[in-house]
Amino acid sequence: MTGTVASSADALVDGWATGYRDADALERRLVEAARSCIARWGLRKTTLDDIAREAGVGRATVYRAFPGGKDRLAEAVLCHEAGRLFTGYDAALSAAATLEDLLVVGVTGALAVMQDDEVVRSVLAHEPDLVLPHFAFHRLERFLDVAVALCRPHLGRFLPDDAVHPAADLLARLVLSFGFRPAPWLDTRDPAAVRRLVTTYLVPAVTPPPEEPS
Amino acid sequence: MDGAYACVARDGLGKLTVEGAAQEAGVARATVYRTFPGGRDELVAAVVSWAVGDFFAGLALEIGPVDDVATLLERGLVAGRRRLAEHDVLQHALQVEADQVVPQLASVMPAVLAFLRRDLAQRLAGERLRPGVDPQEAADVLSRLALSLIGTHGAWDMDDPATVRRLVRGHLLAGVLEDPGRP
C-alpha cells in the first residue's frame with residue numbers, strides 16, 4: 001500500500017522534472033503569461049482568454065496547451081513551477097556536505113517560494129480559500145507523499161533508510177506551517193536565524209533516536 | 001449556538017442560514033441578528049470557532065492533569081486523532097464541503113496555536129531544556145507540529161503506542177528536552 005503511494009508520488013515528481021525540462025518555448029511562454037495573469041487578477045478571475053491575450057497567441061493554442069481548461073490551469077502552472085524549483089534547487093541540495101547544510105538550503109528555499117514568489121504570495125494573500133483545503137486533513141497526505149519523494153534522495157545521503165520518511169514528514173509539515181503562518185521569532189530570510197532553527201530544533205528532531213537495547 | 005450547530009450537523013456549513021438557526025433554536029430571526037449583527041457570515045464564523053473550542057476543551061478534559069510535556073504530547077496526539085476521526089460532523093463536512101470548511105477552520109487556527117503555545121511554553125519553563133533552546137520558540141515549533149499531526153497522520157500510526165512514543169520522545173522533543181525519556 002505504502003509502496004504504491006510512494007511510487008505514484010515518485011512518478012509525479014519525475015513528471016514535473018521531465019515536464020519542465022522538455023517544455024517547449026510556447027509552453028514556457030504560456031506558463032509565464034498565466035503567472036502574470038494570476039498575479040494581476042487572481043486565480044479565480046483568470047481565464048484562458050486572458051492568457052492567450054497576454055501571451056499574444058490564439059485561444060485555440062492555449063486550449064491545446066491546457067487541455068483540461070481552466071480547472072486544470074492552476075495544476076499545470078503549479079507542476080511547471082514545481083519542476084522549475086526542483087531543477088533549480090536540486091544542484092544546491094546535492095552540494096550540501098552535511099545534514100545541517102542540507103536542511104538550511106532546503107528550508108530556506110522552500111520558504112522563499114512560499115513567501116517571495118509573486119504568484120504564490122498573491123494567491124495565498126488574496127485567495128487562501130483556494131489553496132488551504134489542499135493542505136489540510138486527508139488532502140495533506142498527498143502533499144506529504146510528494147514531499148517525501150522530493151526529500152528522499154537528499155536526506156538519504158545523511159540518514160538511514162528507515163529514518164528518511166519520518167524526517168521528510170516532519171520537515172514538510174513545519175515548512176508548510178511557517179510558510180502559511182510566518183513566526184515572528186523566525187526571520188526566514190536571515191541565514192543565521194534559519195541555521196539556528198536547523199541546528200537547535202530540526203537536526204535533533206529528524207536524526208533517529210539511538211536504538212533501544214534489546 | 002446549539003441551534004446553529006444542529007443545522008450544520010444536519011445540512012452542512014454551506015446551507016447554514018440565520019433563519020434555519022433561529023428556527024432550530026426556537027427564537028426569532030431578530031434575536032439571532034442581535035447576537036450576530038454581521039448576519040450569516042458572522043454566524044458561520046461563530047459556529048466554527050465554537051465547535052473548535054468545544055473540540056479542544058473536550059480534548060483537554062480527556063488528557064487530564066499531566067505533569068510532563070512528553071506525556072502531555074503523547075496523550076494529546078492519540079486522543080486528538082481519535083476525537084477527530086470520531087467527529088461525525090467534521091468528517092462529513094470534510095468529505096462534502098472541504099473547500100468551505102477548511103478556510104473557516106484555518107481562520108480559527110491562529111487562536112488555537114496561540115493557546116497551545118502559551119500552555120506549552122509555561123510547561124517547558126519547568127523542564128530541563130537543552131542548551132540554546134528557548135521555551136517560546138520550542139513551544140511554537142511543537143504546537144505547529146502537534147496540530148498538523150492531529151489533522152493528518154502522514155508517516156505516523158497513532159494507534160500504535162510505540163510509534164507515538166518514538167514520535168514524541170525520539171523526534172518532537174529530541175531537540176528540546178535534556179531528557180525526553182527513552183523513545
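**Notebook: a predicted two-chain model**

I started at Leu16(B). Skipping the neighbours within four places in sequence, I found Leu16(B) in contact with Ala4(B), Cys7(B), Val8(B), Ala21(B), Leu43(B), Val44(B) and Val47(B). Note to self: this is a predicted model.

Next I looked up the core. The largest nonpolar core has 85 residues, and Leu16(B) is listed with Ala168(A) and Leu171(A) as touching the most other members. I asked which element gives the most to this core. That is H10(A), with ten residues. Another core lies apart from it, with 14 residues, and I jotted down Ala33(A), Cys37(A), Ile51(A) and Ala55(A) as being among them.

**Helix H4 of chain B**

Leu43(B), Val44(B) and Val47(B) from my Leu16(B) list turned up again here. They are buried residues of H4(B), along with Val48(B) and Ala51(B). What do the buried residues of H4(B) pack against? I got four helices of chain B: H1 (2-11), H2 (18-25), H3 (29-35) and H6 (88-125).

I also checked the length of H4(B). The helix covers residues 40-63, so its 24 residues at 1.5 Å a residue should span 34 Å, and the end C-alpha atoms are indeed 34 Å apart. Just after the helix, I noted that Gly64(B) takes a positive phi of about 75 degrees.

**Where the chains touch**

I turned to the contact between the chains. Chain A puts in 27 residues and chain B puts in 29 residues. On the chain A side, the elements giving two or more residues are H8 (128-131), H9 (137-155), H10 (161-180) and H11 (191-206). H10(A) gives the most, with seven residues. I wrote down the make-up of that chain A side too: 16 nonpolar, four polar and seven charged. So H10(A) goes in my notes twice, as top contributor to this side of chain A and to the 85-residue core.

**Chain A overall**

I wanted the general picture of chain A last. It has eleven helices and zero strands. I checked the radius of gyration: a compact globule of 214 residues would come in near 17 Å, and chain A has 19 Å, which agrees. Along the principal axes, its C-alpha atoms fill a box of roughly 70 × 40 × 35 Å.

How much of chain A is buried? I have 34% of the 214 residues down as buried. Counting the chain A contacts with a separation of 6 or more, 61% come from residues 24 or more positions apart.

Terms used. Residues numbered from 1 in each chain as written. Chains lettered and ligands numbered in written order. Predicted model: local features only at pLDDT ≥ 70, side-chain atom pairs only at ≥ 80, totals over all residues. Contact = placed C-beta atoms within 7 Å. Nonpolar A, V, L, I, M, F, W, Y, C, P; charged D, E, K, R; others polar. Rg over C-alpha atoms; globule rule 2.2 N^0.38 Å. Buried ≥ 20, exposed ≤ 12 C-beta atoms within 10 Å, placed from the backbone. Expected span 1.5 Å × (residues − 1). Core = buried A, V, L, I, M, F, W, Y, C linked by C-beta atoms within 7 Å.
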